[in-house]
Amino acid sequence: MTAISNFGRNICFRPRRLYAPRSEDEVLQVLNDHRDGTIRVVGAGHSWNPGIESTDALIDMKHICHVHVNGDGTCVAAGAGVRIGALLKHLSRRGLTLPSLGLIDRQTIAGAVATGTHGSGRHSMSHYVEAMRIACYGADGAATVRTVDSGTPLRAARCSVGTLGVVLEVTLPCVPRHYVRERCRWRPGLDAVLEREAEAPLQQFYLMPHAWTYLAHERRVAATNRRAGGAALYRAYWLTFIDVLLHLCVKFCASLMRSRRLVRVLYRGLVPAFIFPRWQVTDRSDRQLLMRHDLFRHLEMEVFVRRVHLHAALALVREVLQAADDEDHELSPAVQSQVDSLGDGAAVDGLRGSYVHHYPICVRRVRPDDTLISMASCHGTEEQDWYAISLITLTEPRDSFLRVAAFLAEAMSSLFGARLHWGKWFPLAAGHVARRYPELVAFREVCDEFDPRGVFRNDFVRRTLFGG
């Protein structure tokens with residue numbers, strides 16, 4: 001049995017059988033052979049929860065990687081195993097791109113869609129899915145291929161965490177290739193960041209630990225499709241000093257030296273020296289909106305809150321991290337009241353002095369999705385934007401980070417109705433999930449239709465989505 005591990009190396013398991021089919025017929029054969037077992041699909045492995053685990057059959061769709069753009073260039077049908085980076089290159093040669101991009105392009109298109117992958121300022125990639133071809137089970141229990149292109153089944157398939165079947169092909173709209181203008185600016189507080197959204201609707205921003213100031217990537221679609229401001233030099237600078245050197249400094253301070261003092265000096269003194277607020281640059285969207293977030297192994301949890309709760313959620317994150325770093329830190333009256341309302345005030349005391357946070361807290365705005373269970377899914381007339389708050393650790397062992405992150409996940413779920421990213425570390429159980437997704441019952445009904453015997457449900461899926 002081949003050992004399978006994910007990008008973060010926090011998930012490792014041995015499936016009984018590992019398949020890499022080259023055709024739809026081979027996929028159907030696997031389904032027929034394992035109709036009494038468990039089947040899961042692995043993409044790029046860039047996830048931190050046990051969603052890919054299977055003690056029976058695991059399917060790697062890397063050979064199903066075709067790309068077909070329709071005649072007028074309005075949509076693209078991509079095989080489940082095609083990497084986003086490869087898809088973007090194919091579209092770029094025709095002057096096209098995708099309407100939404102995540103932070104990295106190493107994921108497979110099916111994996112990105114299945115987990116609600118998103119960028120900033122637009123809907124998630126799942127929202128834009130127009131159709132899917134899915135290998136699943138018919139009413140007679142035999143494997144079959146269904147095309148899903150409308151109604152509730154499509155809304156379920158757009159973000160399904162792999163519970164409907166094996167995705168064979170995803171159809172997405174194409175948009176003309178465009179350019180994005182970017183500028184990094186320091187902001188004294190959250191209000192100053194949010195005031196810029198109208199002028200920079202694609203911005204993402206960071207709450208910098210220990211300095212507790214905000215750094216905003218102010219981004220908007222450029223008026224002209226041409227590079228400006230030394231775009232190539234900017235990419236080289238960002239790759240060298242941020243994607244590589246900053247991460248090496250974090251690893252040195254937090255992992256090798258394990259020094260709280262050095263981590264504080266890094267963010268209070270060194271990081272500001274490498275940010276140039278006057279540098280404004282314009283480049284293609286598929287370059288400007290991506291980062292090499294995959295160069296260093298890490299573990300990430302991402303929490304989604306509605307805009308109305310963003311101030312309170314970030315205040316809670318900041319003060320819990322401060323208390324974890326400094327056992328003498330006193331919570332503000334507002335945050336202390338929130339913690340007391342959970343009936344578990346002692347939990348924060350148990351975290352005091354146990355962990356120093358060493359990575360910028362990234363925040364991205366996600367427009368409401370037309371899905372059933374993506375993190376930004378909307379219900380009825382609810383149209384409020386969601387904000388994704390990312391907590392990342394580069395250190396190992398990760399026990400202290402996981403304790404802090406688990407507390408924040410449960411606290412924000414209870415206090416603010418927060419949802420966790422389906423592709424990131426996921427410490428919440430079914431009770432929290434059921435309360436946060438009003439259309440979960442409809443989603444389960446679609447799952448039962450496509451997979452009557454629960455073949456595509458592993459322990460993680462049962463625990464989070466089906467209450468088992």
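**The largest pocket and the salt bridges**

In this predicted model, helix H6 gives the largest share of the lining of the largest pocket, namely five residues. H6 spans residues 231–256, and helix H2 (84–92), strand S15 (214–221) and helix H8 (285–288) likewise each supply at least two residues of that lining. The pocket holds about 520 Å³ of space. Its lining comprises 22 residues, and those nearest the centre are Arg235, Asp286, Arg287, Leu290 and Arg292. Sorted by class, the lining has eleven charged, eight nonpolar and three polar residues.

Charged residues also lead to the salt bridges. Side chains of opposite charge can pair when their charged atoms come close. The count of salt bridges in the model is 31.

One of them joins Arg106 to Asp105, with N to O at 2.5 Å. Asp105 is buried, its relative accessible area being 17%, while Arg106 is partly exposed at 30%.

Another pairs Glu449 with Arg146, whose closest N and O atoms are 3.0 Å apart. This pair links distant parts of the chain, 303 residues apart: Glu449 lies in helix H14 (residues 440–450) and Arg146 in strand S10 (residues 143–148). Glu449 counts as partly exposed because its relative accessible area is 41%, and Arg146 is partly exposed at 27%.

Glu302 and Lys424 form a further salt bridge, 2.9 Å from N to O. Here 122 residues separate the partners, with Glu302 in strand S17 (residues 299–306) and Lys424 in the loop between strand S20 (419–420) and helix H13 (430–436). Both Glu302 and Lys424 are buried.

Elsewhere, shared partners connect salt bridges into one network made up of Arg185, Arg187, Arg196, Glu199 and Glu218.

Methods
Residues are numbered from 1 along each chain as its sequence is written. This is a predicted model: local features need pLDDT of at least 70, side-chain atom pairs count only at pLDDT 80 or more; totals for chains, interfaces and linings use all residues. Side-chain values use heavy atoms; hydrogens and water are left out. On a 1 Å grid over the protein atoms alone, a cavity is a set of points where a 1.4 Å probe fits but cannot get out, and a pocket is an open set with protein on both sides within 12 Å along at least five of seven lines; lining residues have an atom within 4 Å of a point. Grid points are joined across faces, edges and corners, and a volume is the space filled by probe spheres set on the points. Helices (H or I, at least four residues) and strands (E, at least two) are DSSP runs, numbered from the N terminus. Ala, Val, Leu, Ile, Met, Phe, Trp, Tyr, Cys and Pro count as nonpolar, Asp, Glu, Lys and Arg as charged, and the others, Gly among them, as polar. A salt bridge is a side-chain nitrogen of Lys or Arg within 4 Å of a carboxyl oxygen of Asp or Glu. Buried means under 20% relative accessible area, exposed over 50%, partly exposed in between (1.4 Å probe, protein chains only).
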